[in-house]
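Me: Please take a close look at a single part of this model. Then follow its contacts outward, in short steps.

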Amino acid sequence: MAAILSGKSAIVTGAASGIGLAAVKRLGADGCRVLAFDLDTADFSRLLAIPNLELSCFKGDVADAENWKRAIGQATDAFGGVDILFNNAGISG
């Protein structure tokens, strides 16, 4: 059976742990290519350990518009564009 999201690409914010990590795993299992967007690069090792996942990691703050421009550019360079946004990271204050 073909993966349901084969050929699609996603950006997941807050991707290195918790719900974001679970989303990366699920999207990857369904054939999606994922740009993991998070501030905590120490937790990127969890992402890199996911088997059969086409992954690009981006360190940045979702509250910064310049970070978004660079993340979208990185996803476009890596995957040819962005089909899905899983906006998991929160902003406080």
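Reply:
**Helix H1 and what it packs against**

In helix H1, the buried residues (under 20% relative accessible area, 1.4 Å probe, protein chains only) are Gly20, Leu21, Ala23, Val24, Leu27 and Gly28. Viewed down the axis of H1, they fall within an arc of 160°, so they line one face of the helix. The arc is taken over the directions from the helix axis to the C-beta atoms. In general, an α-helix has 3.6 residues a turn, so residues three or four places apart point the same way. On the other side of H1, Gly18, Ile19 and Ala29 are exposed, a label for relative accessible area over 50%.

A word on the source. The model is predicted: local features need pLDDT of at least 70 and side-chain atom pairs pLDDT 80 or more, while totals for chains, interfaces and linings use all residues. Residues are numbered from 1 along each chain as its sequence is written, and side-chain values use heavy atoms, without hydrogens or water.

H1 has 12 residues. At 1.5 Å a residue, H1 should span 16 Å, and its end C-alpha atoms are 17 Å apart, which agrees. The expected span is 1.5 Å times one less than the number of residues. Gly31 follows H1, with a positive phi near 95°. Helices (H or I, at least four residues) and strands (E, at least two) are DSSP runs, numbered from the N terminus.

Now the partners. The buried residues of H1 pack against S1, S2, H2 and strand S4 (84–86). Contact here means heavy atoms within 4.5 Å. Leu27 is a good place to look: leaving out residues up to four places away in sequence, Leu27 touches Leu5, Ala10, Val12, Cys32, Val34 and Ile84.

The largest nonpolar core (buried Ala, Val, Leu, Ile, Met, Phe, Trp, Tyr and Cys joined through side-chain atoms within 4.5 Å) has 15 residues, of which Val12, Val24, Leu27, Val34, Leu47 and Ile50 touch the most other members. Two or more of its residues come from each of strand S1 (9–13), helix H1 (18–29), strand S2 (33–38) and helix H2 (44–48). H1 gives the largest share, 4 residues. Apart from this core lies another, of 9 residues, with Ile11, Phe37, Trp68 and Ala71 among them.

Next, the aromatic rings. There are 2 aromatic pairs (Phe, Tyr or six-membered Trp rings with centres within 6.5 Å; planes under 30 degrees apart are stacked, over 60 edge-to-face, the rest tilted). In one, the rings of Phe37 and Phe58 have centres 5.0 Å apart and planes at 70°, so the pair is edge-to-face. Phe37 lies in strand S2 and Phe58 in strand S3 (residues 55–59), so the pair ties together parts 21 residues apart in sequence. Phe37 is buried at 0% relative accessible area, and Phe58 is buried at 6%. The Phe37 and Trp68 rings also have centres 5.0 Å apart, but with planes at 50°, so this pair is tilted. It links distant parts of the chain: Phe37 in S2 and Trp68 in helix H3 (residues 65–79), 31 residues apart. Phe37, Phe58 and Trp68 form one aromatic cluster.

Last, the cysteines. The structure holds 0 disulfides (cysteine sulfur atoms within 2.5 Å). Cys32 is in none, and its nearest cysteine sulfur, that of Cys57, is 14 Å away. Cys32 is buried at 2% relative accessible area. Cys57 counts as partly exposed at 25%.
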